[in-house]
Amino acid sequence: MLLKQKDDLLFAGLILATFFAGSLISIQVKKYIDSLYKINPNYYYPTFLEIIKTTTILTFILFIGKLSIERILFTFNDIILLDKYKNNPDKAEKNKYKRKLAIYGLKFFHYLILTIHSYFIYDKLDFFPKELFGHGNMDNMYAKGVHSFCFFERPALFDLHYLINLAYTFADLFCVVFIYDKQTDILVMTFHHFCTIILIAFSYYGHFDSIGCLILFLHNFSDIFVYLGRAFLYAKLPTILKQLITVVLLISFMYCRLYVYGRLIYGFFAYYNWENFHLKFGFQITLVAMYILHCTWTYKLIRIVYNSVTKSSFDDSRKFVKEKEIEKIKQK
């Protein structure tokens, strides 16, 4: 109970810090763009109105597509649903887990397709690093200062792909808050989406999308294994296969979100020449807050992997609110 209260306080603090950082960035980013315009007036500078228009259209398309495909998966996933959920006499409870399996299954395919698509776009960039299976070096982002960091040559579909990520985050946030069955991690997921929206929107608007696209890639790549692992929890599959995917999930998560992400944010603040202290401070808070969240998730993943390997126990850390309340009653 004490641990749960500490978690709530931590995430509440992270949300407040991110809200403050987002406000700081929104106030300062226009000054930064004006300074870039003086350096290169012929470059493309998207306005917030253009971003909002495109994102709104993409969000609507992705939201409708997301719910439609989840409905199709929901209809047919009885075939692989675990018997303890499939044979539940309470139809409403059974449908909760069917929806959960459908959501996880769609997210797995979404992040798989998004990662493959982005790889062929980003691989043309000389700063797409070997750490993310590219052929470049992330130090190339800072080799020529603002010219290599902000004014790099964007490959075809780069901008569209970037805004698709932003639109999907909006669509998924709407589902988490208003559509999906409420789960115990709703505060965490709301914070994560809020933080992601700030980073994607302002990195695109303020021309920080060189490092932004790498952060997007490592998140999308690791999410392939996150949602495959979660889908496996509710599917009829051999125990050894479930154990294997939890181990792969932990390794990929720690590699991408602790090691590579840590290197990226360190380089961002160590090597880039920041003239606007307040803008730097705003991004520092947001990026570090996301890193803290990754650390808490890593701790939970280690416990999940330990239980899966040593006890063959497969437990989703994301529980329905009602389910969690029943567990507390049983413990008493």
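## Core, surface patch and a buried tyrosine

The largest nonpolar core of this structure contains 99 residues, and those with the most contacts inside it are Phe268 and Phe283. Helix H8, which spans residues 209–233, supplies the largest share of this core, namely 16 residues. The model described here is predicted.

Phe283 shows how one core residue is surrounded. With neighbours within four places in sequence left aside, its contacts are Ile25, Leu199, Phe202, Phe208, Phe268, Phe269 and Trp274. One of these partners, Phe268, is also named with Phe283 as having the most contacts inside the core.

The surface offers a second nonpolar feature. Leu237, Ile240, Leu241, Leu244 and Val248 make a nonpolar patch of about 410 Å². Leu237 is situated in the loop between H8 and helix H9, the latter covering 239–271.

Tyr85 belongs to helix H3, which comprises residues 83–86. Not counting residues up to four places away in sequence, Tyr85 touches Lys94, Tyr97 and Tyr234. Tyr85 and Asn95 are 10 residues apart along the chain, and 8.7 Å separates their C-alpha atoms.

The table sets out the accessibility of two residues discussed above.

| Residue | Location | Relative accessibility and class |
|---|---|---|
| Leu237 | loop between H8 and H9 | 33%, partly exposed |
| Tyr85 | helix H3 | 13%, buried |

Why do these two residues fall into their classes of partly exposed and buried? Tyr85 counts as buried because its relative accessibility is 13%, and buried means under 20%. Leu237 counts as partly exposed because its value is 33%, and partly exposed lies between under 20% and over 50%.

Terms used
Residues numbered from 1 in each chain as written. Predicted model: local features only at pLDDT ≥ 70, side-chain atom pairs only at ≥ 80, totals over all residues. Heavy atoms only, no water. Core = buried A, V, L, I, M, F, W, Y, C linked by side-chain atoms within 4.5 Å. Buried < 20%, exposed > 50% of the residue type's maximum accessible area, 1.4 Å probe, protein only. Helix = DSSP H or I, 4+ residues; strand = E, 2+ residues; numbered from the N terminus. Contact = heavy atoms within 4.5 Å. Patch = residues over 30% accessible without salt bridge, like charges linked within 9 Å, V, L, I, M, F, W, Y side chains within 5 Å. Areas by Shrake-Rupley, 256 points an atom, 1.4 Å probe, with all protein chains shown as cover. Salt bridge = Lys/Arg side-chain N within 4 Å of Asp/Glu carboxyl O.
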